[in-house]
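Subject: The structure you asked about

Hi,

Here is the structure, ready for you to open next to your sequence. Have a look around, and then read on for what turned up.

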Amino acid sequence: MKKQELLDILHTNIIKLLNETENGYSMRGLSTAIERSEGYIQKMLVGKFTPSLDTLIDISNYFDIPVWALLIDGKFSCQLIQHINTQLFLLPKESLTLVLELVTLLNKVKY
C-alpha cells in the first residue's frame, strides 16, 4: 500500500468518526483535545502534512479506539471493529480458533 492510500484511509476514518459520534465532535475540538493548534486536524485532512505516530496515538485515545482502527479500510465503522476486538480479548484461547475458522468461512461467502 502506498503512503497516499494509507493517508486517504486515515482521513476518511477521522471524518467518519467525527460525523458518526453523537457527542458533537469537531475538527477544532479534536485539535485542541489532542493539544494541537485549533486548525491542526483541518490542515492534516487536506494534506498539508503527515501526522506523527504520537498524533495518531492521541487521536486514537480521543476516540477510545486502537491506532490500527484509524488505518484500516473496511465496511464497518471503527467503533464496531473496536467492540468486536474487545469481545475477542475476553474469549479463552480455545474459542479463538473457532472464531478464526468462522471469520475465514465468512470471508469465502459471496454476498
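A surface patch, as the word is used here, is made of residues with over 30% relative accessible area and no salt bridge, with nonpolar side chains joined within 5 Å. Please keep in mind that this is a predicted model.

With that in hand, let's begin at the surface. Leu-102, Leu-105, Leu-106 and Val-109 make a nonpolar patch of about 350 Å². Leu-105 belongs to helix α7, which covers residues 93–108. The relative accessible area of Leu-105 is 53%, and because exposed means over 50%, Leu-105 counts as exposed.

Next, the charged pairs. Side chains of opposite charge can pair when their charged atoms come close. How many salt bridges does a search of the whole structure find? There are two.

In one of them, Arg-28 pairs with Glu-38, and their closest N and O atoms are 3.5 Å apart. Arg-28 sits in helix α2 (residues 27–33), while Glu-38 is in the loop between α2 and α3 (40–45), so this salt bridge ties together parts that are ten residues apart in sequence. Arg-28 itself is exposed, at 55% relative accessibility.

The other joins the side chains of Arg-36 and Asp-58, at 2.9 Å from N to O. Here Arg-36 comes from the loop between α2 and α3 and Asp-58 from helix α4 (residues 53–63), so the pair ties together parts that are 22 residues apart in sequence. Both ends are partly exposed: Arg-36 has a relative accessibility of 22%, and Asp-58 has a relative accessible area of 28%.

Asp-58 brings us to helix α4, which is worth a slow turn on your screen. Which residues of α4 are buried? They are Thr-55, Leu-56, Ile-59, Ser-60 and Phe-63. These residues cover an arc of only 135° around the axis, so they lie on the same side of α4. Asp-54 and Asn-61, on the other side of the helix, are exposed. And what do the buried residues of α4 pack against? Their partners are α1 (3–20), α2, α3 and α5 (67–70). Just after α4, Asp-64 takes a positive phi of about 60°.

Last, the aromatic rings. Searching the whole structure gives four aromatic pairs. One of them is Tyr-40 with Phe-49, a tilted pair with 4.8 Å centre to centre and 50° between the planes. Tyr-40 is buried, at 14% relative accessibility, whereas Phe-49 is partly exposed, at 28%.

Tyr-62 and Phe-63 also pair: their ring centres are 5.0 Å apart and their planes meet at 85°, so this pair is edge-to-face. Tyr-62 is partly exposed, with a relative accessible area of 23%. Phe-63, already listed among the buried residues of α4, has a relative accessible area of 7%. Ring pairs also bring in Tyr-25, linking Tyr-25, Tyr-62 and Phe-63 into a cluster.

If you would like a place to start looking, try Phe-63: this residue is on the buried list of α4 and belongs to the ring cluster with Tyr-25 and Tyr-62.

Best wishes

Definitions and conventions: Residues numbered from 1 in each chain as written. Predicted model: local features only at pLDDT ≥ 70, side-chain atom pairs only at ≥ 80, totals over all residues. Heavy atoms only, no water. Salt bridge = Lys/Arg side-chain N within 4 Å of Asp/Glu carboxyl O. Helix = DSSP H or I, 4+ residues; strand = E, 2+ residues; numbered from the N terminus. Buried < 20%, exposed > 50% of the residue type's maximum accessible area, 1.4 Å probe, protein only. Arc of directions from axis to C-beta. Contact = heavy atoms within 4.5 Å. Patch = residues over 30% accessible without salt bridge, like charges linked within 9 Å, V, L, I, M, F, W, Y side chains within 5 Å. Areas by Shrake-Rupley, 256 points an atom, 1.4 Å probe, with all protein chains shown as cover. Phe/Tyr/Trp six-rings, centres within 6.5 Å; stacked < 30°, edge-to-face > 60°.
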